[in-house]
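Let's take a quick tour of a structure, starting with its aromatic rings and ending at its surface.

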Amino acid sequence: MSAPGVGALVALTYRSAVDDPSRFEKSSAIGAYFGLTPKKYQSGETDHDGGVSKVGDGMVRTALFEAPISC
């Protein structure tokens, strides 16, 4: 299967970062591994969802964000 904007460089970057897919129990854990989960701020009655947490591999996160833009 292919996705628009995902070329050889993005696929290779993603594949090298994941390395061994069996170490992730669920596919949704890969997004968290790259820091693609929203920041959460909760205090009392305040509950804010922020931007991307930016924890994890920055190179893969950048490649995944820029891939659809280049189409």
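Below are some notes on rings, strands and a surface patch.

This is a predicted model, where local features need pLDDT of at least 70, side-chain atom pairs count only at pLDDT 80 or more, and totals for chains, interfaces and linings use all residues. Residues are numbered from 1 along each chain as its sequence is written, and side-chain values use heavy atoms, leaving out hydrogens and water.

Searching the whole structure turns up three aromatic pairs (ring centres of Phe, Tyr or Trp, for Trp its six-membered ring, within 6.5 Å; planes under 30 degrees apart are stacked, over 60 edge-to-face, the rest tilted). Phe24 and Tyr33 make an edge-to-face pair, because their centres sit 5.3 Å apart with the planes at 70 degrees. Ring pairs tie Tyr14, Phe24, Tyr33 and Phe34 into a cluster. Arg23 lies over the face of Tyr33, 5.0 Å from the ring centre (for Arg, CZ within 6 Å of the centre and within 35 degrees of the ring normal).

How covered are some of these residues? The table uses relative accessible area, with a 1.4 Å probe and protein chains only: buried is under 20%, exposed over 50%, partly exposed in between.

| Residue | Relative accessible area | Class |
|---|---|---|
| Phe24 | 14% | buried |
| Tyr33 | 36% | partly exposed |
| Leu64 | 31% | partly exposed |

Leu64 belongs to helix α3 (residues 58–69), a DSSP run of H or I with at least four residues. Tyr14, Leu36, Leu64 and Phe65 make a nonpolar surface patch of about 330 Å² (nonpolar side chains within 5 Å, from residues with over 30% relative accessible area and no salt bridge, that is, no side-chain nitrogen of Lys or Arg within 4 Å of a carboxyl oxygen of Asp or Glu).

Note on methods. Patch = residues over 30% accessible without salt bridge, like charges linked within 9 Å, V, L, I, M, F, W, Y side chains within 5 Å. Areas by Shrake-Rupley, 256 points an atom, 1.4 Å probe, with all protein chains shown as cover. Helix = DSSP H or I, 4+ residues; strand = E, 2+ residues; numbered from the N terminus.
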